[in-house]
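These are my notebook entries on a structure I went through today, written down in the order in which I looked things up.

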Amino acid sequence: IIYINLNNIAWQYILINDFSSAIKYAKQAYSFGKNDTLCFVLAYSYFHLTNIKDACFYINEGLHLENNSSTTILLFNYINALINDDFEESLNILEELNKISTNSFERDFIYKELIIIYKHNNDYEKAFKLLENRTTI
């Protein structure tokens with residue numbers, strides 16, 4: 001249960017853009033065992049700290065684990081697209097993830113990232129619509 005809690009804490013830190021803390025908790029969880037989700041958290045966090053070498057290490061590590069989920073493979077592809085400054089591919093991957101993901105942490109992450117890319121593309125109408133749908137009670 002400690003492993004699950006550490007993993008969940010790491011995801012929460014990603015959602016608030018505290019990548020150093022995300023790495024800290026993901027590495028603690030990682031010490032209990034590797035999985036694709038932890039590799040994603042580490043790769044994404046290192047990417048945002050501009051440590052591309054470690055980001056690529058965890059992408060490769062995660063892609064070589066058995067039992068990867070289809071959503072996590074897409075998340076690794078998303079980081080690769082970001083590393084390559086391919087915003088069109090990033091957007092395509094996120095929109096695909098938005099259709100298939102059921103995990104609440106992933107969904108929150110996907111919404112956050114979609115809004116960032118919509119704003120980057122000056123597509124404020126889509127960003128607003130997504131925010132509006134996300135905050136409807």
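**Entry 1: two asparagines in loops.** I began with N17, which sits in the loop that joins α1 and α2. I was working from a predicted model throughout, and I looked up the backbone of this residue before its surroundings. The phi of N17 is near 60°, a positive value in a residue that is not glycine. I noted this because most residues other than glycine have a negative phi. Is N17 buried, partly exposed or exposed? Its relative accessibility is 46%, so I entered N17 as partly exposed.

I then turned to N122, which is placed in the loop between α7 and α8. N122 also has a positive phi, of about 60°, although it is not a glycine. With a relative accessibility of 55%, N122 counts as exposed, the cut-off for that class being over 50%.

**Entry 2: the packing of α2 with α3.** I next looked up how helix α2, residues 19–30, lies against helix α3, residues 36–48, and found an angle of about 150° with the axes 9 Å apart. That angle makes α2 roughly antiparallel to α3, since angles over 145 degrees are counted in that way. The crossing of these two helices, α2 and α3, is left-handed.

Which residues of α2 and α3 meet? On the α2 side I listed F19, A22, I23, A26, K27, A29 and Y30, and on the α3 side L38, C39, V41, L42, Y44, S45, Y46 and H48. Sorted by class, this contact of α2 with α3 has 12 nonpolar residues, two polar ones and one charged one.

**Entry 3: the nonpolar core.** I then asked how many residues the largest nonpolar core has. The count is 45, and the residues with the most contacts inside this core are F40, V41, Y44, Y78 and F109. Each of the helices α1 (2–15), α2, α3, α4 (52–63), α5 (70–83), α6 (87–100), α7 (104–120) and α8 (124–135) supplies at least two residues of the core. The helix that gives the most is α3, with nine residues.

As Y44 appears both in the contact of α2 with α3 and among the residues with the most contacts inside the core, I looked up its partners. Leaving aside neighbours within four places in sequence, Y44 is in contact with I14, F19, Y78, I79, L82, F109, K112 and E113.

**Entry 4: T37, also in α3.** I stayed with helix α3 and looked at T37, which is found there. T37 has a relative accessible area of 18% and is therefore buried, the cut-off being under 20%. Not counting residues up to four places away in sequence, T37 touches N7, W11 and T72.

**Entry 5: the packing of α5 with α7.** T72 came up again when I looked at the contact between α5 and α7, to which α5 brings T71, T72, L75 and Y78, while α7 brings E106, F109, E113 and I117. These two helices pack at an angle of about 30°, with their axes 13 Å apart, and α5 and α7 are therefore roughly parallel to each other. The crossing in which α5 passes α7 is left-handed. By class, I have four nonpolar, two polar and two charged residues in the contact of α5 with α7.

**Entry 6: A81 in α5.** A81 lies in helix α5, and with a relative accessible area of 5% A81 is buried. Apart from residues up to four places away in sequence, A81 touches D86, E89, S90 and I93. I also took the separation of A81 from L91, which is 10 residues in sequence and 9.2 Å in space, C-alpha to C-alpha.

**Entry 7: α6, α7 and the loop between them.** The axes of α6 and α7 come within 10 Å and cross at roughly 145°, and this crossing of α6 and α7 is left-handed. From α6 the contact takes F87, S90, L91, L94, E95, L97 and N98, and from α7 R107, I110, Y111, E113, L114, I117, Y118 and H120. I sorted the residues of this contact of α6 with α7 into nine nonpolar, three polar and three charged.

I finished with T102, which has its place in the loop between α6 and α7. Is T102 buried or exposed? T102 is exposed, with a relative accessible area of 76%. T102 and D86 are 16 residues apart in sequence and 25 Å apart in space, C-alpha to C-alpha.

Note on methods: Residues numbered from 1 in each chain as written. Predicted model: local features only at pLDDT ≥ 70, side-chain atom pairs only at ≥ 80, totals over all residues. Heavy atoms only, no water. Axes fitted to C-alpha atoms, helices over the stretch in contact; angles between N-to-C directions. Helix = DSSP H or I, 4+ residues; strand = E, 2+ residues; numbered from the N terminus. Parallel < 35°, antiparallel > 145°, perpendicular 65-115°, else oblique. Left-handed = near helix turned anticlockwise from the far one by under 90°. Contact = heavy atoms within 4.5 Å. Nonpolar A, V, L, I, M, F, W, Y, C, P; charged D, E, K, R; others polar. Core = buried A, V, L, I, M, F, W, Y, C linked by side-chain atoms within 4.5 Å. Buried < 20%, exposed > 50% of the residue type's maximum accessible area, 1.4 Å probe, protein only.
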